[in-house]
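User: I'm new to reading protein structures. Could you take a close look at one part of this one and walk me through how the helices there pack?

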Amino acid sequence: MVNNKKQAISGAVAFLTLMGMVSLFSDMTHEGARSILGEYLNLAGASAASIGFVSGIGELCGYSLRLISGFVADKTRKYWTLVIAGYVIQVLAIPALALIPEHGWIWACGLVILERIGKAVKKPAKNTLVSFAASEIGTGKGFAYQEFLDQLGAFLGPVILFVTALVKGTEDLFTTYRLSFAVLLIPAMITIALVLSAKIKYPNPEMFEKQEEAPSAFRLKKSFVLYMAAICLFAFGFADFTLITLHAAKTVAFPESALSLLYAAAMAVDAFAALVFGWLYDKVGMKALILSTLCSTFFSCFVFLSGEAWMIGIGILLWGIGMGAQESIMKAAVSGIIPRSMRSTGFGIFETGFGIAWFLGSWLLGILYDLNPVFLVAVSVLSQLTAIVFYAMCIHYNRAER
């Protein structure tokens with residue numbers, strides 16, 4: 001019996017590691033691309049308004065379609081089909097950007113949206129597969145381990161492209177960026193190879209979660225409704241990193257060449273914060289979400305009420321902690337509330353709500369920043385403090401529903 005338990009745990013860890021490596025190379029591809037995408041679209045002929053519109057539509061598609069893909073995953077149980085199809089679409093859309101003609105910004109924008117759609121197709125099904133294996137070692141630790149490897153890729157991607165630009169030079173920036181996207185074909189192909197290997201080696205990850213239950217219709221429990229209210233409030237007040245880099249550039253707190261590295265630094269903080277809070281989640285449950293939100297609540301005060309590099313640096317540190325929690329223990333909490341048979345639907349609702357709230361919040365915070373950064377800070381802090389109240393209510397009702 002002990003040996004069987006050890007084998008189950010080692011198998012779950014091996015599966016999580018393999019899927020973590022998939023995430024690492026996938027994030028290396030699309031987060032690397034994100035670090036240069038805005039400027040590339042501009043060089044291809046897109047206006048600032050077009051870039052903003054396409055970015056917003058891309059994110060909206062990338063989150064809202066998860067509601068559909070999550071429902072499909074639960075109905076068909078074809079988790080691997082959705083995961084593989086999503087990854088193929090997502091990672092191949094990035095190196096395809098190297099093929100657009102000189103004024104082909106419309107084609108480039110189409111590929112940007114396609115990449116986000118690919119992410120929407122695979123995300124709920126992938127989170128569900130991870131949740132099955134994570135149940136063997138601790139849901140918080142399982143998702144945190146995934147997030148650590150994921151964000152390692154998000155850190156390495158922009159660094160690789162920074163080095164590519166140093167080697168190629170920036171005299172012809174459009175050509176340099178084309179080469180950068182072509183370089184990203186390497187991690188893209190590794191991503192596809194790894195996800196296919198994972199499917200062959202672990203065709204039925206459901207076996208990791210021992211708890212059996214009869215299939216049931218999805219039901220919105222009060223605890224889940226309160227949880228969704230909390231994460232939407234958190235997301236609404238959590239500014240997109242583009243606003244942070246905009247403020248850092250306007251205040252001249254950092255040299256322009258270092259702005260892309262600020263995002264890499266935030267991703268590094270994100271990775272380690274995920275490990276810490278994932279471990280904490282398995283110890284104290286959803287109380288870890290209250291603590292992580294308290295840590296990140298005041299990031300906007302440090303970033304937007306100062307032009308000092310060290311103050312903005314502290315704000316970025318707190319922002320990274322919030323991101324680490326969002327990508328690890330927020331997902332772990334969904335596994336704890338939603339029954340196994342409808343978990344992809346739960347993840348789809350969670351990510352759709354989070355994405356729409358983040359999109360609308362970032363839009364409003366951008367408007368408030370133009371008016372006065374103090375307004376941005378007030379809305380950001382108030383929104384996240386209110387989220388903490390809803391987390392506490394969710395904890396109470398989740399206990400009562402068990």
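Analyst: Here is a walk through one pair of helices and what lies around them. Keep in mind that this is a predicted model.

Let's start with the pair itself. Helix α10 covers residues 241-250, and helix α16 covers residues 343-371. Their axes are 11 Å apart and meet at an angle of about 20 degrees. Angles under 35 degrees count as roughly parallel, so α10 is roughly parallel to α16. The crossing of α10 with α16 is right-handed.

Which residues make the contact? From α10 come L243, L246, H247 and K250, and they meet S362, L365, G366 and Y369 of α16. Sorted by class, this contact has four nonpolar, three polar and one charged residues.

Now look at F304, which touches both helices' residues L243, H247 and Y369. Among its other contacts are L243's neighbour in number, I244, as well as F299, P373, L376 and V377. F304 is also one of the residues with the most contacts inside the largest nonpolar core, which has 95 residues. Others on that list include Y227, W319 and Y391. Apart from this core lies another, of 23 residues, with A93 and Y177 among them. In soluble globular proteins, nonpolar side chains tend to be buried together.

Finally, go to R343 in helix α16. Is R343 buried or exposed? Its relative accessible area is 4%, and buried means under 20%, so R343 is buried. Beyond its close sequence neighbours, R343 is in contact with D74, T128, S131, F132, E209, S335 and I338.

Notes. Residues are numbered from 1 along each chain as its sequence is written. This is a predicted model: local features need pLDDT of at least 70, side-chain atom pairs count only at pLDDT 80 or more; totals for chains, interfaces and linings use all residues. Side-chain values use heavy atoms; hydrogens and water are left out. A nonpolar core is a set of buried Ala, Val, Leu, Ile, Met, Phe, Trp, Tyr and Cys residues joined through side-chain atoms within 4.5 Å. Buried means under 20% relative accessible area, exposed over 50%, partly exposed in between (1.4 Å probe, protein chains only). Contact means heavy atoms within 4.5 Å. Axes are lines fitted to C-alpha atoms, for helices over the stretch in contact, and angles run from 0 to 180 degrees between N-to-C directions. Helices (H or I, at least four residues) and strands (E, at least two) are DSSP runs, numbered from the N terminus. Angles under 35 degrees count as roughly parallel, over 145 as roughly antiparallel, 65 to 115 as roughly perpendicular and the rest as oblique. A crossing is left-handed if the near helix is turned anticlockwise from the far one by less than a right angle, and right-handed if clockwise. Ala, Val, Leu, Ile, Met, Phe, Trp, Tyr, Cys and Pro count as nonpolar, Asp, Glu, Lys and Arg as charged, and the others, Gly among them, as polar. Lists of a residue's contacts leave out its neighbours within four places in sequence.
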